[in-house]
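Welcome, and thanks for taking a look at this one with us. Here is a short briefing to read alongside the sequence and the model.

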Amino acid sequence: MVKVIRYGQKRRILCETCGALLEFEKDNVKTVQTGMNEYEQQIECPACHEIVEVD
Ligand SMILES: [Zn+2]
């Protein structure tokens, strides 16, 4: 069993649309249903307002 020992840790991802390096937290991530049993984790890039998919 994997335990989370630290919440709120910031993660970074590169926006592929404008090239901005984005720093986000768990709270910023939206889970969007993209298919029958498919879900995608997304954030919105504040620079270009495009949707960026995160793992
Ligand atoms: Zn962007």
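How many disulfides does the structure hold? There are zero disulfides in this predicted model. Its cysteines are still worth a visit, and the zinc ion is a good place to start.

**The zinc site**
- Four cysteine sulfurs serve as the protein donors of the zinc ion: the SG atoms of Cys15, Cys18, Cys45 and Cys48, lying 2.3 Å from it.
- The site is tetrahedral, with angles of 107 to 114° among the four donor atoms.
- For reference, the ideal angle for four tetrahedral donors is 109.5 degrees.
- Along the sequence, the donor residues follow the spacing C-x2-C-x26-C-x2-C.
- Cys15 sits in the loop between β1 (11-14) and β2 (21-24), and Cys48 in the loop between β4 (39-44) and β5 (51-54), so this pair ties together parts that are 33 residues apart in sequence.

**Buried or exposed?**
- Cys15 is buried, at a relative accessible area of 1%.
- Cys18 is partly exposed, with 40% relative accessibility.
- Cys48 also counts as partly exposed, its relative accessible area being 24%.

**The nonpolar core**
- Nine residues form the largest nonpolar core: Ile13, Cys15, Leu22, Phe24, Val29, Ile43, Cys45, Val52 and Val54.
- β2 and β5 are the elements that give two or more residues to this core.
- Two of the zinc donors, Cys15 and Cys45, therefore belong to this core as well.
- Beyond its neighbours within four places in sequence, Cys45 is in contact with Cys15, Cys18, Leu22, Glu50 and Val52.

Note on methods: Residues numbered from 1 in each chain as written. Predicted model: local features only at pLDDT ≥ 70, side-chain atom pairs only at ≥ 80, totals over all residues. Heavy atoms only, no water. Disulfide = S-S within 2.5 Å. Buried < 20%, exposed > 50% of the residue type's maximum accessible area, 1.4 Å probe, protein only. Donors = N, O, S within 2.8 Å, 3.2 Å for Na, K, Ca; no water. Tetrahedral: all angles 85-135°; square planar, octahedral: opposite > 155°, others 65-115°. Helix = DSSP H or I, 4+ residues; strand = E, 2+ residues; numbered from the N terminus. Core = buried A, V, L, I, M, F, W, Y, C linked by side-chain atoms within 4.5 Å. Contact = heavy atoms within 4.5 Å.
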